[in-house]
Structures are given as structure tokens and as C-alpha cells.
Amino acid sequence: MQQVFTHHDSAMVGLLNGILKESGIPTLLKNWTGSNIVEIPIPSLYPSIFVMNDADAPEARQIIDEYLSHKGNELPDWTCPACGSTVDGYLSECWSCQTER
Ligand SMILES: [Zn+2]
């Protein structure tokens, strides 16, 4: 078992954990509180994602990196003209109704 990600924001840890599971990588959460921010800012107590199989770690890290780099060159979110959903800036079509930007 290997840790692939840790962050004080458990919402982000939960989101990435979901992305990994969708990619077929078995994961385990540690220090998961379910609340948004860990109250005691001690990195060893941050919510963490572990992969069950060490062999999955490189792929898991790559998926996480890709996700975070999308977040990094933050394009502004946009509003779908067809259904009014708020869509992440890096998506070129609406996640809800597939209308093109
Ligand atoms: Zn839409």
C-alpha cells in the first residue's frame, strides 16, 4: 500500500479518490473526517489517499497530476447557454447536456 496524495482539504481528497476509483484503481482513505478542513494543521493527520496495490501508484499519481494541472491553468468556469449549468473552464462542452461552449 502506498500513499499517493495528501491534502488538508478533504473535499479535494474525496474528489481525487472518486476519480481514481472511476479509473479502476482500488484505493483506501486515511484520516478521512468528512468535514472540509482538518482542524489541527498537522500534515501527518491530513486526509490521504493510498493505493491498495503499489503497482497502481505511478498511474494514480499521473491521474492526480493531470487533474491538478487542469486546476492549475485555471480557465474561468462558464455557464451553459442551454441548461444553465456551471461548467469547469477546461471542458469544451457541458458536462450535463453536451452543448458545445
Ligand atoms: Zn448544458
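The following exchange concerns a predicted model and the grounds for describing its parts.

Biologist: What makes Q98 exposed?

Modeller: A residue counts as exposed if 12 or fewer other C-beta atoms lie within 10 Å of its own. Q98 has 10 such atoms within 10 Å, and is therefore exposed. Q98 is placed in the segment after β5 (86–87). Its phi is positive, about 65°, although Q98 is not a glycine.

Biologist: Why are β1 and β3 called paired strands?

Modeller: Pairing requires at least two bridges between two strands. Four bridges join β1 to β3 (residues 48–51), so the requirement is met. The two strands run antiparallel. Within this pairing, Q2 has V51 of β3 as its bridge partner.

Biologist: How do you know which strands are the edge strands of the open sheet?

Modeller: The order of the three strands is β1-β3-β2, with antiparallel pairing. β1 (2–6) and β2 (27–30) each pair on one side only, and these are the edge strands. From one strand to the next, the twist averages 30°.

Biologist: Which helix lies across these strands, and at what angle does it run to β2?

Modeller: Helix α1 (residues 10–22) lies across β1, β2 and β3, and runs at about 165° to β2. On a scale from 0 to 180 degrees between N-to-C directions, that value lies towards the upper end.

Biologist: Where is confidence lowest and where is it highest?

Modeller: Confidence is lowest in helix α2 (residues 57–72), with a mean of 87, and highest in β3, at 96. The protein chain averages a pLDDT of 87, and 87% of the residues score at least 70. Where pLDDT is low, predicted coordinates should not be read in detail.

Methods: Residues numbered from 1 in each chain as written. Predicted model: local features only at pLDDT ≥ 70, side-chain atom pairs only at ≥ 80, totals over all residues. Contact = placed C-beta atoms within 7 Å. Buried ≥ 20, exposed ≤ 12 C-beta atoms within 10 Å, placed from the backbone. pLDDT = per-residue confidence, 0-100.
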